[in-house]
Amino acid sequence: MPFPVTTLGPQRTPPPPKHYGISSPISLAPPRETDCILTQKLIETLKPFGVFEEEEELQRRILILEKLNNLVKEWIREISESKSLPQAVIENVGGKIFTFGSYRLGVHTKGADIDALCVAPRHVDRSDFFTSFYDKLKLHEEVKDLRAVEEAFVPVIKLCFDGIEIDILFARLALQTIPEDLDLRDDSLLKNLDIRCIRSLNGCRVTDEILHLVPNIDNFRLTLRAIKLWAKCHNIYSNILGFLGGVSWAMLVARTCQLYPNAIASTLVRKFFLVFSEWEWPNPVLLKEPEERNLNLPVWDPRVSPSDRYHLMPIITPAYPQQNSTYNVSVSTRMVMIEEFKQGLAITHEILLSKAEWSKLFEAPSFFQKYKHYIVLLASAPTEKQHLEWVGLVESKIRILVGSLEKNEFITLAHVNPQSFPAPKESPDKEEFRTMWVIGLVLKKPENSEVLSIDLTYDIQSFTDTVYRQAINSKMFEMDMKIAAMHLKRKELHQLLPNHVLQKKKTLSTEGVRLTALDDGSLDLSVNGENSTPVSSLPAASKTGPVTGSTQGRNSPAPVAMAASVTGVQFPEVSLQQANPSDSLGGASSESIPQTAPQPAVPPAPKPMVTRVVSSTRLVSHPPRPSGSAATSIANPIVGQLLLASRGTSTADLPSTPALPADPIPVIKNSIKQIELRKTPRGP
């Protein structure tokens, strides 16, 4: 009997698995039992840091947002009635509060504020938001600390609603009504909007896009909680100072999740460090291919915009109009972050091998033991309100000073600590509020010279000029607002900082890793290890020298003199052993990190000529210094002077009018302090 003939229809091939991002994943390996155990240990380690909010507190936030949402709807109805809209429109006019930032991403911590956006229909103006809605909030009994910042780059109303701090932005859409199911990711909503509304919408649009571009939201959230805590502990969480802000860290974690879509948090944390310690910056990090919407809005595109070609660490937002969220990153901050990525990879490798616990990843590094030279910036104002505004302005400009320091040929790295500290008062009888920031310096060994003299007057002067100009132009400036800068060596920091801040942290096994960007001609001042050279303390009379940027017209501020002990101390490199490539974590040697297509080759920005460096060379020989019963011979140290010399201009007082004179800030007079640092042998 012949077999029946069957006619086969078109064969259906199973659809390829969905992949996220602009490239295929590196690994599709599912989690193993050991990964699950490590993830549970990670959760237990995170709990004491307060990164998880209790369910009761979460429900309280939801209730507050619901009250705020009802308040917005009620306000928009009142505005609609006052503008005589048809009753049918008024009944369905809508209005809605959207959230963005850490709360929308689901990674907010205990007590964190909420970023919110008020979306209104086309007949509600921004002026209504800052008048009638502001007044309505003022009358609400649960609203405290209400303040409007209408002239900000992104205008905002700040308030405390039943104990929760909330920042509310405003956007008016070109719609007659605001439906409840409105999806802000719809690019057509941007048509015919003013730029302030587009900026306000951007936060929600970027946050929603990130959540739609990750394979598993729960794994993404837990990983992001761990990475944000790590970044804060390691002092690299600050967009305003040139590190990364919350949205940038979220995009880096999201890209890691795209490359390892089936991995869980313990694996993703390690892969995060692997990917971005090997990333070939300045290739951009993209979560999806940029799309052109023909709305004539500026987008990040180095092919079109020359300024975009000079961004050092571009991380591009996924929502149109695409922007670089890390335009503040400098050479120094990128160098610091890459080094932290490498140390994070070394620690997570130890955790994988059960040689360390997760708590080691969140140990704060010893910033105040890491460098030998520091610049301390102090900002002071007579009242608390003035001080709050003044500190905000000064902090927003510190990256300008860091950028200027980086351009000096003898400064390899200028590392600003994002944490600010209260500064001691000049006079206990004087009412004054003071804040200070600390910048660690790595100095470069001069070629064919044994004395290092650097003039930083222009850098400090330009920074203070910029701050004072903006304060005057924004009508914030008051006569007693001051900026001061001074140099301190590591052993002198106790003069301004309390012991609990300076206390050396527990030594990490990764200590000893050199800054990778340092070349053989650089001076490595980054580790206070066994082979580091101690700095002998100075006489009290020559310990500090403030560069004063006050407006009091003092004629003889002392100069800043910095001494560099340039010694050829070498530190051991850390060798990172890789895990078995066959396991789900994968070995680094077997993985290729997919980079985005390189941008068109652009010649680097020309390095400015450093005309303010004082050329001074001198060899200083020191006799051997005995240690115990035996005398130990010490090689002649190279002694240097880091000098802030004067531009020779006179001091002038700031006028009360906004017009800024040529030199409003007292400059440094010609006065040189000579400081010698000796390489001292350690005791037995």
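**Exercise 1.** Asp208 counts as buried, at 10% relative accessibility; find which residue forms a salt bridge with Asp208, and place both partners in the chain.

*Solution.* The model is predicted: local features need pLDDT of at least 70, side-chain atom pairs count only at pLDDT 80 or more, and totals for chains, interfaces and linings use all residues. Residues are numbered from 1 along each chain as its sequence is written, and side-chain values use heavy atoms, with hydrogens and water left out.

Step 1: the accessibility classes. Buried means under 20% relative accessible area, exposed over 50%, and partly exposed in between (1.4 Å probe, protein chains only).

Step 2: the partner. Asp208 forms a salt bridge (a side-chain nitrogen of Lys or Arg within 4 Å of a carboxyl oxygen of Asp or Glu) with Arg104, and the closest N and O atoms are 3.0 Å apart.

Step 3: the positions. Arg104 belongs to helix α4 (residues 101–105) and Asp208 to helix α6 (residues 195–212), so that the pair links distant parts of the chain, 104 residues apart. Helices (H or I, at least four residues) and strands (E, at least two) are DSSP runs, numbered from the N terminus.

Step 4: the other side chain. Arg104 has a relative accessible area of 29% and is partly exposed.

**Exercise 2.** How many salt bridges does a search of the whole structure find, and how are Arg60 and Glu57 placed in helix α2?

*Solution.* Step 1: the total. The search of the whole structure gives 23 salt bridges. Side chains of opposite charge can pair when their charged atoms come close.

Step 2: the pair. Arg60 and Glu57 are joined by a salt bridge of 2.8 Å, N to O.

Step 3: the spacing. Both residues lie in helix α2 (residues 55–82), and because they are 3 residues apart, about one helical turn separates them. An α-helix has 3.6 residues a turn, so residues three or four places apart point the same way.

Step 4: the exposure. Arg60 is partly exposed at a relative accessible area of 27%, and Glu57 is partly exposed at 25%.

**Exercise 3.** Which elements flank the loops that hold Lys83 and Asp125, and which residues make up their network of salt bridges?

*Solution.* Step 1: the contact. The side chains of Lys83 and Asp125 form a salt bridge of 3.6 Å, N to O.

Step 2: the loops. Lys83 sits in the loop between α2 and α3 (87–91), and Asp125 in the loop between β2 (114–120) and α5 (126–139), so the pair ties together parts that are 42 residues apart in sequence.

Step 3: the exposure. Lys83 is partly exposed at 33% relative accessibility, and Asp125 is partly exposed at 29%.

Step 4: the network. Salt bridges link Lys83, Asp125, Asp128 and Arg172.

**Exercise 4.** How many aromatic pairs does a search of the whole structure find, and which residues form the cluster of ring pairs?

*Solution.* Step 1: the criterion. Rings of Phe, Tyr and Trp (its six-membered ring) pair if their centres lie within 6.5 Å; planes under 30 degrees apart count as stacked, over 60 as edge-to-face and the rest as tilted.

Step 2: the total. The search of the whole structure finds 27 aromatic pairs.

Step 3: one pair. Phe276 and Phe341 have ring centres 6.5 Å apart and planes at 50 degrees, so the pair is tilted. Phe276 is in helix α9 (residues 265–277) and Phe341 in helix α10 (residues 331–352), so the pair ties together parts that are 65 residues apart in sequence. Phe276 and Phe341 are buried.

Step 4: another pair. Trp279 and Trp281 are also tilted, at 5.9 Å centre to centre and 45 degrees between the planes. Trp279 is buried with a relative accessible area of 6%, and Trp281 is buried at 12%.

Step 5: the cluster. Trp230, Trp249, Phe272, Phe273, Phe276, Trp279, Trp281 and Phe341 are linked by ring pairs.

**Exercise 5.** Where is the kink in α12 centred, and what span does the helix reach?

*Solution.* Step 1: the span. Helix α12 (residues 384–406) has 23 residues and reaches 33 Å from its first C-alpha to its last, close to the expected 33 Å. The expected span is 1.5 Å times one less than the number of residues.

Step 2: the kink. α12 has a kink of about 30 degrees centred on Lys397, the bend at a residue being the angle between axes fitted to the seven residues ending there and the seven starting there.
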